[in-house]
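Student: Could we go through this structure together? I would like to see how each label follows from its definition.

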Amino acid sequence: GIITVKNKRRQGYGFATCVHLLEEIKKRGLIPIWTCDVANPESAALAEKLGFKNPTAYDFLYFPQR
């Protein structure tokens, strides 16, 4: 996952970081995947900009913290 500090968003930092990471993944012969919930449009938009497709709707289970 990638999280950008609020006051630094929409400046290309997340995109640049992901491009670098994807290059490293491919150099190692691995296949990158991107998963995000359709309820997270920012992640879906970044994924699409990077060439990934089809966000998925997820059901989440939450467990109480002790």
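Student: Why is C18 called buried?

Tutor: C18 has a relative accessible area of 8%, and buried means under 20% (exposed is over 50%, partly exposed in between, with a 1.4 Å probe and protein chains only). C18 therefore counts as buried. Keep in mind that this is a predicted model, where local features need pLDDT of at least 70 and side-chain atom pairs count only at pLDDT 80 or more, while totals for chains, interfaces and linings use all residues. Residues are numbered from 1 along each chain as its sequence is written, and side-chain values use heavy atoms, leaving out hydrogens and water.

Student: What makes C36 buried or exposed?

Tutor: Its relative accessibility is 10%, so C36 is buried as well.

Student: How many disulfides does the structure hold?

Tutor: Zero. A disulfide is a pair of cysteine sulfur atoms within 2.5 Å. The cysteine sulfur closest to that of C36 belongs to C18 and lies 11 Å away, so it is too far for a bond.

Student: What is the radius of gyration of the protein, set against a compact globule of 66 residues?

Tutor: The protein has 14 Å, whereas such a globule would have a value near 11 Å. The radius is taken over C-alpha atoms, and the globule rule is 2.2 Å times the number of residues to the power 0.38. Along its principal axes, the C-alpha trace spans about 40 × 30 × 25 Å.

Student: And what share of the residues is buried?

Tutor: Buried residues account for 18% of the 66 in the protein.
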